[in-house]
Amino acid sequence: MRCSPASPYRSIPHNLFALLLALLTLGLAGCASLAQREPVRINVVDLEALPGEGLEMRFKVKLRVQNPNEAPIDFDGLALELDLNGKPFASGVSDRKGSVARFGEALIEIPVSVSAIAVVRQALGVIEGDAQTEVPYVLRGRLAGGLLGGTRFSDSGMLKLPEPLKTPR
């Protein structure tokens with residue numbers, strides 16, 4: 001038995017070609033929508049003491065998050081790390097959900113923990129070194145969620161020390 005030209009089996013390669021072409025077009029459109037985003041800007045606005053447990057100190061860090069992009073940033077969780085003088089100092093996580101509007105900003109609070117070891121390490125560094133009024137800090141974190149796993153951020157600069165830590169004894 002011979003297949004006639006109008007047989008549905010003859011059009012399979014054309015249908016397969018059309019399907020592949022449609023998938024390629026959708027794939028390219030999807031990649032175009034993942035255009036490079038501007039980095040999120042973070043500023044530490046406030047640091048508030050929270051009750052700690054044992055030898056641990058706790059703080060609530062208030063961050064101002066600025067989104068300089070054309071699309072909002074929706075997040076479903078936060079993670080934060082703070083280094084002082086090139087050494088780990090504090091870290092925190094939160095399961096908070098929220099959004100930072102396109103070309104907008106939001107205040108976000110996240111609890112962080114500081115271990116007694118980190119405090120001792122920093123104090124020893126100040127005592128052994130020269131008198132310092134400021135120490136370098138690095139703040140890193142992530143707003144979790146989204147298609148690609150979230151938005152990472154970082155900030156660095158100099159942090160002014162409280163009066164009792166400025167002069168070594």
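A salt bridge is taken here as a side-chain nitrogen of Lys or Arg within 4 Å of a carboxyl oxygen of Asp or Glu. By this criterion D83 is paired with R140, with 3.1 Å between the closest N and O atoms. Because D83 belongs to strand β3 and R140 to strand β6, this pair ties together parts of the chain that are 57 residues apart in sequence. D83 has a relative accessible area of 14% and is therefore buried, whereas R140, at 30%, is partly exposed. The structure described is a predicted model.

R140 also takes part in a salt bridge with E81, with an N to O distance of 3.1 Å. E81 lies in strand β3 and R140 in strand β6, so this pair connects parts that are 59 residues apart in sequence. E81 has a relative accessible area of 39% and is partly exposed. In total, the structure holds six salt bridges. Another of these joins the side chains of E109 and K60, at 3.7 Å from N to O. Since E109 is located in strand β5 and K60 in strand β2, the contact ties together parts separated by 49 residues in sequence. Both partners are partly exposed, E109 with a relative accessibility of 34% and K60 with a relative accessible area of 23%. E109 and K60 are also members of a network of salt bridges that includes E48 and K62.

Strand β6 also contains V138. V138 is partly exposed, with a relative accessibility of 33%. When residues up to four places away in sequence are set aside, V138 touches E81, L82, D83, D155 and S156. Two of these contacts, E81 and D83, are thus with residues that form salt bridges to R140. The C-alpha atom of V138 is separated by 9.9 Å from that of F89, a residue 49 positions apart along the chain.

The largest nonpolar core comprises 24 residues, and those with the most contacts inside it are I42, L63, V65, L80 and L143. At least two residues of this core are supplied by each of the strands β2, β3 (73-84), β4 (87-100), β5 (104-114) and β6 (134-144). In soluble globular proteins, nonpolar side chains tend to be buried together. Apart from neighbours within four places in sequence, L63 is in contact with I42, N43, V44, V45, L80, A106, L107, I108, I110, L139 and F153. I42 and L80, both among the core residues with the most contacts, therefore appear in the contact list of L63.

A polar residue, N67, is found in strand β2, which spans residues 57-67. N67 is buried because its relative accessibility is 2%, which is under the 20% limit. The side chain of N67 reaches the backbone oxygen of A71 at a distance of 2.9 Å. Beyond four places in sequence, the residues touched by N67 are R37, P72, I73, V100, A101, R102, F103 and G104.

F103, one of the residues touched by N67, is located in the loop between β4 and β5. The phi angle of F103 is positive, at about 50 degrees, although F103 is not a glycine. F103 is exposed, with a relative accessibility of 51%. A positive phi, of about 55 degrees, is likewise present at N85, which is not a glycine either. N85 lies in the loop between β3 and β4 and is partly exposed, with a relative accessible area of 26%.

Confidence varies along the chain. The mean pLDDT is 78, and 70% of the residues reach 70 or more. Strand β5 has the highest confidence, with a mean of 93, and helix α3 (residues 163-166) has the lowest, with a mean of 48. Over residues 164-169 pLDDT stays under 50, and the model has 13 contacts beyond four places in sequence for this segment. Where pLDDT is low, the predicted coordinates should not be read in detail.

Methods:
Residues are numbered from 1 along each chain as its sequence is written. This is a predicted model: local features need pLDDT of at least 70, side-chain atom pairs count only at pLDDT 80 or more; totals for chains, interfaces and linings use all residues. Side-chain values use heavy atoms; hydrogens and water are left out. Helices (H or I, at least four residues) and strands (E, at least two) are DSSP runs, numbered from the N terminus. Buried means under 20% relative accessible area, exposed over 50%, partly exposed in between (1.4 Å probe, protein chains only). A polar contact is a pair of N or O atoms within 3.5 Å; within protein, one must be able to donate a hydrogen and the other to accept it, and residues adjacent in sequence count only if both atoms are side-chain atoms. Contact means heavy atoms within 4.5 Å. A nonpolar core is a set of buried Ala, Val, Leu, Ile, Met, Phe, Trp, Tyr and Cys residues joined through side-chain atoms within 4.5 Å. pLDDT is the predictor's confidence in each residue, from 0 to 100.
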